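Thanks, everyone, for making the time this morning. I would like to go through one structure with you, beginning with the overall fold and ending with a single helix pair.

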Amino acid sequence: MRSGYYAAASLLGTLAGWELVVRLANVSETVLPPVSDIVRVMVVDVDVLTPAAVETLEAIALGYVAAVVVSLLLAAAIVSWRPFENTVYPVLVASQAIPKIAIAPLLVVWFGFGLSAKVVLVFLICFFPIVVDTVVGLKSLKPETIYLARSMGAPRHKIFLRIRFMNALPDIFGGAKVAAVFAVSAAVIAEYITLVGGMGSLLVRANAELDAERAFAIIGYLTIIGIAIFYALELLEARFVSWHVSRRGGTA
């Protein structure tokens, strides 16, 4: 709880400093508008920005959930079957050398200008960190623990679900939180390219019109979305991984 107060105080202090510097230095609003003007646009244009934010959030949610599901299944297969790991894992690593922004226009050709292209790009950017962290977590269980469970007659699927998977949850949530931050950027990039709906297309229009207040208002909405998703995962992690040392609030 105390860390939340520190975070709020830090954020408010940063915004207050921004407002003060812009006002005192007479910075042009086309370069860096004051925070108060940005908040005003966020409130006044809520009827325009909120539907666009919902459209972007839809792409984020669909692509992110698909990435989580596929990543968990793929990581389980990689850890459970060594030939599959030797065949697939190097391909996954090599695929990350391809800049996603470079293939984004191709996604538009393949999937059209609608929601599908945005969902696919969010998926492609999000799934890799989840896969990697999940594999690391699943492999981090000590062999002695598995031997003990087997000696007590535990079947293989129960060992995986109740011991190996539970032990990997901190790493899984770590990868999921990193991917959640990437998901917002991926959706905006897709909307930049397609120019069809969402916050990305509004941001392109605001930049073209040199409307810095509107641009920062859009960024404000996107920031709120990213923070909300991140802390929703934090709450889930606190609920399901309360036993882990990272959740106890102590220091070594």
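What you have in front of you is a predicted model, and its protein chain comprises 10 helices and 0 strands, so that is also how the pattern reads along the sequence, α-α-α-α-α-α-α-α-α-α. Taken along the principal axes, the C-alpha atoms of the protein chain fill a box of roughly 70 × 50 × 30 Å.

Let me turn to burial and surface. The protein chain has 252 residues, of which 37% count as buried, and the area that the chain exposes comes to about 14,400 Å², with carbon and sulfur atoms supplying 70% of it. As for the charges, the chain carries 19 positive and 17 negative ones, and the mean positions of these two sets lie 18 Å apart.

On the contacts within the chain, if we take those with a separation of 6 or more, then 71% of them are accounted for by residues 24 or more positions apart.

Now to the helix pair, α3, which covers residues 46-80, and α4, which covers residues 82-95. How do their axes cross? They come within 6 Å of each other and cross at roughly 130°, and because that value falls neither over 145 degrees, where we would say roughly antiparallel, nor in the 65 to 115 range for roughly perpendicular, α3 and α4 are oblique to each other. On the α3 side the contact is made by Leu74, Ala77, Ile78 and Ser80, while α4 contributes Arg82, Phe84, Glu85, Val88, Tyr89 and Leu92.

Definitions and conventions:
Residues numbered from 1 in each chain as written. Predicted model: local features only at pLDDT ≥ 70, side-chain atom pairs only at ≥ 80, totals over all residues. Heavy atoms only, no water. Helix = DSSP H or I, 4+ residues; strand = E, 2+ residues; numbered from the N terminus. Buried < 20%, exposed > 50% of the residue type's maximum accessible area, 1.4 Å probe, protein only. Contact = heavy atoms within 4.5 Å. Areas by Shrake-Rupley, 256 points an atom, 1.4 Å probe, with all protein chains shown as cover. Lys, Arg positive; Asp, Glu negative; His and termini not counted. Charge placed at Lys NZ, Arg CZ, Asp CG, Glu CD. Axes fitted to C-alpha atoms, helices over the stretch in contact; angles between N-to-C directions. Parallel < 35°, antiparallel > 145°, perpendicular 65-115°, else oblique.
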